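Dear colleague,

Please find the structure below, handed over for your use. My notes on its aromatic rings follow directly after it.

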Amino acid sequence: MRNGWNRTSRTSFGKRFPKSTVAVKATRQLLLDWYRVNRRDLPWRRIRDPYAVWISEAMLQQTRVETVIPYWERFLARFPDIPSLAAAEPDAVLGAWSGLGYYSRARNLHRAAKVVAAQHGGRLPDTAEGLRELPGIGRYTAGAVASIAFDRPEPVVDGNVARVLARLHGIREDTGRPAVAARLWEHAEELVRGPRPGDLNQALMELGALVCTPRAPRCPACPLRRRCAAHRAGDAESLPVRKRKAAPRSVQAVAALIVRRGRVLAVRRAPRGVLGGLWELPGGELAPRERPEAGLRRTLRERTGLAIAGAERRGEVRHLFTHRNLLLHVFRCDTPKGRVRLVDFDAHRWLAPTALAELPQAALTRKALSLALFSPAQ
Ligand code: SF4
């Protein structure tokens, strides 16, 4: 009984729990049995390398499994272990992440790999507590890696797990409230204490992804249907309760392909914020009621030190960020005047257009670049 699951259990944070009730044991057995038969064959489930598990958990946050699989495979092929990731150039790491979004995850992975290489002999700490000391690893990721890779009885609560637990226990309060979120973590903790904690956590996540879905949960196919408060009450689809989020703010911005002697200008964002460390076309946000052409002149002057005589409009790109609904006006400008002096950006390069496409960049920049290169002037 490696984790002492049939007596008092203790997570790596030192909290003690009483032994599991019969009902909790029965619930976890139903979950484990269901998972054994229904689990998807995902590439990171075929190996037990803690590094590979960590990369998969970092990529899966806010991102669908189908999207993650090819990124995970390419990332592992390029950086097969912690030393290779720690030794990589930031551009190489961001390049391997390009298009996956939420780029702070890639920057944090890189920073954490350097810490593990320098302070832990290249081996990930094997407890949730040790993992949480690393940059960018919060309670969820620490619990997922500790349980899946190291068999630690550590809970996880992500969106899928929160939905299953809120329905199972009939929690009809806003799960965004800290006290309600704490209850979900307690329920996850009581379930994870026992054998195969990694499988148990993955069973909860998998059930949320495949059966207990946000809309139209498939209760007849659910192993927990006889124990589920929401199924009994018939209100599963209205759970979990979440306070309505504020609508994303509408923002307009401009970006330009600036051409000088056959080369184009790429600028790199400082390494912070949503798109930090990525390369893009220079430009910036428009002021309220500012016209795009005027805004382009102003932002280029303020942020790159360049003055342009005119600009050809090439089109628009729309992109929805978590809190912003962006409309980007894309231009092309030839032979700007002045020397590059950067504000907000931390590097620039004059490159052949094909070389610019090779730099790590967001999906938004790829679309803008394609418009600037291939769309006719409007
Ligand atoms: Fe979700 Fe329905 Fe299963 Fe309850 S019975 S956990 S609502 S799928």
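Arg74 lies over the face of Tyr71, and the distance to the ring centre is 4.9 Å. This and the other findings come from a predicted model. A second arrangement of this kind involves Arg139, whose charged end sits over the ring of Trp185, 3.9 Å from its centre.

Turning to contacts between rings, a search of the whole structure gives 4 aromatic pairs. One of them joins Trp44 and Trp72 in an edge-to-face arrangement, with 5.5 Å from centre to centre and 70° between the planes. This pair links distant parts of the chain, the two residues being 28 residues apart. Trp44 belongs to the loop between α1 (22-38) and α2 (50-60), whereas Trp72 is in helix α3 (residues 65-78). Trp44 has a relative accessible area of 7% and is therefore buried, the cut-off being under 20%. Trp72 likewise counts as buried, because its relative accessibility is 6%.

Tyr51 and Trp54 form another edge-to-face pair, at 6.3 Å centre to centre and with 70° between the planes. Both residues lie in helix α2, 3 residues apart, which is about one turn of the helix. Tyr51 is buried, with a relative accessible area of 4%, and Trp54 is buried as well, at 2%.

Finally, one aromatic cluster is formed by Phe75, Phe79 and Trp97.

With kind regards

Notes
Residues numbered from 1 in each chain as written. Predicted model: local features only at pLDDT ≥ 70, side-chain atom pairs only at ≥ 80, totals over all residues. Heavy atoms only, no water. Phe/Tyr/Trp six-rings, centres within 6.5 Å; stacked < 30°, edge-to-face > 60°. Helix = DSSP H or I, 4+ residues; strand = E, 2+ residues; numbered from the N terminus. Buried < 20%, exposed > 50% of the residue type's maximum accessible area, 1.4 Å probe, protein only. Lys NZ or Arg CZ within 6 Å of the ring centre and 35° of its normal.
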